[in-house]
Amino acid sequence: TRAMHQVITRRMKRWISDQNVEIGEVVGKFAYAPNLIVVDGGAPQVAAAERALLELGITDIAVVGLAKRLEEIWLPGNPDPIILPRNSEGLYLLQRVRDEAHRFAITFHRSRRSKIMLESLLDEIEDLDALDEFDDEEDDYDYKPRSRSNNKTKRNRKSGGSRKQRY
């Protein structure tokens, strides 16, 4: 719930800052306030989102939560959820919105993780590639890395020979 509060606060502060843009300036991606914020979760997440909005003085945006377990719809301040029929078009719409938000978040985090995996602290060291040009005449030897086809395989004796171990 703390994370939900933080996300809603950060996002709505960005919207508030976009409202203070002068005419002719470039407006951010969040130029218009939403009419509805759909939260992925139950009563605690909805309460955290509502609290974040109230702390920022925003009272004209509705908040609703969709809990995964029974597809319950939670409204702020209500102790009981609304349960729509399984074939309801409204429930289907909320599920599609939630699923699209999940897809977007997963895609974003995968791309972010793959970028991080390609980075290394060694990339920041200047002249690291100059080490490849090192040539000492006194220690002249030929180094040839073994190709994969030359790697030998041996049965792992500890596991009864069912697995192969490369070395």
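Here are a few questions and answers about this predicted model.

Me: In what order do the three strands of the open sheet come?
Reply: Let's start from the edges: β1 (36-40) and β3 (72-74) each pair on one side only. The pairing in this open sheet is mixed. Neighbouring strands are turned by 25° against each other on average, direction ignored. Reading across, the order is β1-β2-β3.

Me: Do β1 and β2 pair in the parallel or the antiparallel sense?
Reply: Strand β2 covers residues 62-67, and five bridges link β1 with β2. Along the way, Ile37 stands opposite Val63 in β2. The sense of this pairing is parallel.

Me: How far apart are the end C-alpha atoms of α2?
Reply: Helix α2 takes in residues 43-55 and lies across β1, β2 and β3. With 13 residues at 1.5 Å a residue, α2 should span 18 Å. The model agrees with that, because the end C-alpha atoms of α2 are apart by 18 Å.

Me: What arc do the buried residues of α2 cover around the axis?
Reply: Buried here means under 20% relative accessible area, and in α2 that picks out Val46, Ala48, Ala49, Ala52 and Leu53. They sit on the same side of α2, because the arc they cover around the axis is only 160°.

Me: Which elements do the buried residues of α2 pack against?
Reply: As a whole, helix α2 runs at about 160° to β2. Just after α2, Gly57 takes a positive phi of about 80°. As for the buried residues of α2, their packing partners are α1 (2-19), β1, β2 and β3.

Methods: Residues are numbered from 1 along each chain as its sequence is written. This is a predicted model: local features need pLDDT of at least 70, side-chain atom pairs count only at pLDDT 80 or more; totals for chains, interfaces and linings use all residues. Side-chain values use heavy atoms; hydrogens and water are left out. Two strands pair if DSSP finds at least two bridges between them. Helices (H or I, at least four residues) and strands (E, at least two) are DSSP runs, numbered from the N terminus. Axes are lines fitted to C-alpha atoms, for helices over the stretch in contact, and angles run from 0 to 180 degrees between N-to-C directions. Contact means heavy atoms within 4.5 Å. The expected span of a helix is 1.5 Å times one less than its number of residues. Buried means under 20% relative accessible area, exposed over 50%, partly exposed in between (1.4 Å probe, protein chains only). The arc is that of the directions from the helix axis to the C-beta atoms.
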